[in-house]
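Thanks, everyone; I would like to use these few minutes to walk through the sheets and the helix packing in this structure. Please keep the view open while I talk.

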Amino acid sequence: RSWVGLRFRDTQEEQDGKEESDFRKLDMRDTNPDLLGESPVFDPSTTTTNLVMRNFAMCLPTQRNKGRVFNPSALSPRAVFLKICISGQAQTQTRRRFDLLFLPDCPPLGLESLRVDDSQIQASSYQRTGLGPHRGRLNIQSGIEDGDLYDGAWCAEYKDQHQWLEVDAMHLTLFTGVILQGRNSIWSWDWVLTYKVQLSNDSVTWTACMNGTKEAIFEGNQNPETPVLGLLPVPTVARFIRINPQTWYSNGTICLRAEILGCHVDGRLQYRQEPGSKDALDFRQHNYKEMRKLMKSVTEECPDITRIYTIGKSYMGLKLYVMEISDNPGKHELGEPEFRYVAGMHGNEALGRELVLNLMQYLCREYKKGNQRIVRLVTETRIHLLPSMNPDGYEEAYKKGSELAGWADGRHSFEGIDLNHNFPDLNNIMWDAQETAADKSKVSNHYIPIPEYYTQEDAMVAPETRAVISWMQDIPFVLSANLHGGELVVTYPFDCTRDWAPQEDTPTADDAFFRWLATVYASTNLAMSNPHRRLCHYEDFQAYNNIINGGAWHTVPGMNDFSYMHTNCFEVTVELSCDKFPHVSELPIEWENNKESLLVYMEQVHRGIKGVIRDKLTKQGIVNAVIKVEDHDHDIRSATDGDYWRLLNPGEYKVVVWAEGYFPSVRHCRVGMEPHPTICDFTLTKTPIQRLKEIRAKGGKIPQDLQLRLRALRFRKLRASTKAINQRRMSERVKQARKARSA
């Protein structure tokens, strides 16, 4: 994104116009560079001359496609050569070719993503441990209380211009810039207004970053949260870098959070690539148009197992695209469970979006290779992948880039709605009904209807939320995960607490299975399961094996609870990374961290029991039959074709199935340790009254056997009612006799 030199040579022009059309043109008149001689970074050549610019010139080229904005954070770190052709006299045949030597888009060192260890960060002083140098990380969040061990910045003990925050890159690094934020706190306002930068190879001798003949003064922040980028006038190779605050908010003190931009170089001053992934996937940040292109390319590569469809539009009219992956796309197959991943509910939490896009590519290519695990998953599961539930929010964050979007830019929808807080609260509807009911067992524990107020046209319900709810109702999903960012933990329902307590463990009837689901993802995630990792912000989820009940973390009636209460689907939330919007250089590593977790979690859809509930006479599937597992106070219902899936841990279960107009049926079903479901089919017999209703509705003649059964049924009812009446009369006579004797 920035160039530091140029290389030129004379060439003989062969085909005027053809050669020139291959190069982009850049007007050099306003750059006015001073030349220093041969570049120390690039190898000199006998046929070329390498020169380095004294003044660092910024170039932000637009790409060829109309309307596409150049986004440095979306490019892979690499050296770029922009070829400039400058013609001489019109009558000459010689052309001088200039190649601008571009800096790579140097990635962040990793203060925010925690690749930089606490031991690599030092400071001149600090007020207390909770405001130590290890807290000076971009976007780090503080605890609720100031004064604890987890405050929201590094804060110097003294208010003078001799304070500094130092980062050891551990290797020779081409430093290109600094990103600064103020202190995260609900009680204090502190930020740095201006600062200097110093560089060193040994942390003893320091050289100031210069702007010509003067020390460079960098503009800092004007508020605590908005990140501000300061680019070094001359990118410099060193190992250590210091941020030296010069001025700060007048009513505050010296506090900052930072990220450092730089490329690691080896001893020969060549750029060194970071280790990534063996999977050749499209590792970059995809805006809306690029996301559509990638999804289209996957369907073209694997047309037999993929299908793209839309479930609605965002407020700004961007379509909510879903990729379906199945051996029979577009069709629900009897007995095959439906699975979904939802990403991008918060637009600035971009990692989930990229992981879902990577997953599409991976499943397609591994299926074609004949990977038996993937083939089995695709043929036995109908997979739905929604990479961006909040595309409007993502586009806002994307324009600013991964490091400059801050903690909240793009989180909400265009209307300012937090989509995770936008689902109806069905929890308290059920809990209130249970408290007032004489018999709690009569209160419905599933398929709770949406409240009337939520369905009104003037209800504050985002179009994105409406689209997802409609999607949930159309497809009988069995299992799902909602991918977020900003922490490393998996949360499971209930997310909403009783009586709106701020934090309270609020388990569901399926708490054991939800804990299993959360553990499956967390234990196979390379970042979460690393016992040596540090806290993201201020909460130690490792103490809970990186899983937690949602209500025990913070209360919200979100999509997880709605999915569980309104449909048959079990859903957890996965917080994928400390960094909500990782730099593109982090994406291969994050894919490796999450690849096995994404796959093994999908495979859990085949746990428990499944089957088909049929009518004994017609053999047709029965829709909306209720499946009740003894000692589990949460029922599910059969789908349109009569098939059902009940997620359960290994064990022996008594299962009761009933449907309106049918006699109940009972079976004992055993779930084993094997990763495949136990088949438990049910056949239900209609009650005589139901058959009579159906026959009369059709205007048909009542069969003789049905007449006999109906006669017997009504006779039994008559006998029962007669017995009850006689008992009541006998009781009244006894009472009268007692009164007479007492009189």
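V626 stands opposite R637 in β25, and I start with that pair on a model that is, please bear in mind, a predicted one. The two strands concerned are β24, residues 626–629, and β25, which run antiparallel and are joined by 2 bridges. They belong to an open sheet of 4 strands, in the order β25-β24-β27-β28, where the pairing is antiparallel. At the edges of this sheet stand β25 (636–637) and β28 (665–671), and because each has a single partner strand, one side of each is left without a neighbour in the sheet.

Let me turn now to the other sheet. This one is also open, but it is formed by 8 strands, and if you follow the order you pass through β15-β16-β18-β17-β19-β22-β20-β21, with pairing that is mixed. Here the edge positions are taken by β15 (306–313) and β21 (547–549), each of which has a single partner strand, so that one side of each is left without a neighbour in the sheet. On average, and with direction ignored, neighbouring strands of this sheet are turned by 20 degrees against each other.

Within the 8-stranded sheet, strand β20 (residues 489–492) and strand β22 (residues 570–575) run antiparallel and are joined by 3 bridges; V489, for instance, has E575 in β22 as its bridge partner.

Which strands does helix α1 touch where it packs on the sheet? Helix α1, residues 288–301, touches β15 and β16 (319–325), and its direction makes about 25 degrees with that of β16. Helix α10 packs on the sheet as well, touching β17 (338–343), β18 (382–386), β19 (477–484) and β22, and the direction of α10 makes about 145 degrees with that of β17.

That brings me to the partner of α10 among the helices. The axes of α7 (residues 511–524) and α10 (residues 587–603) come within 8 Å and cross at roughly 155 degrees. Since angles over 145 degrees count as roughly antiparallel, α7 and α10 are therefore roughly antiparallel to each other, and their crossing is right-handed. On the α7 side the contact is made by L517, V520, Y521 and T524, and on the α10 side by N593, N594, E596, S597, L598, V600 and Y601. Sorted by class, the contact of α7 with α10 has 6 nonpolar, 4 polar and 1 charged residues.

I will stop there and take questions.

Methods:
Residues are numbered from 1 along each chain as its sequence is written. This is a predicted model: local features need pLDDT of at least 70, side-chain atom pairs count only at pLDDT 80 or more; totals for chains, interfaces and linings use all residues. Side-chain values use heavy atoms; hydrogens and water are left out. Axes are lines fitted to C-alpha atoms, for helices over the stretch in contact, and angles run from 0 to 180 degrees between N-to-C directions. Angles under 35 degrees count as roughly parallel, over 145 as roughly antiparallel, 65 to 115 as roughly perpendicular and the rest as oblique. A crossing is left-handed if the near helix is turned anticlockwise from the far one by less than a right angle, and right-handed if clockwise. Contact means heavy atoms within 4.5 Å. Ala, Val, Leu, Ile, Met, Phe, Trp, Tyr, Cys and Pro count as nonpolar, Asp, Glu, Lys and Arg as charged, and the others, Gly among them, as polar. Two strands pair if DSSP finds at least two bridges between them.
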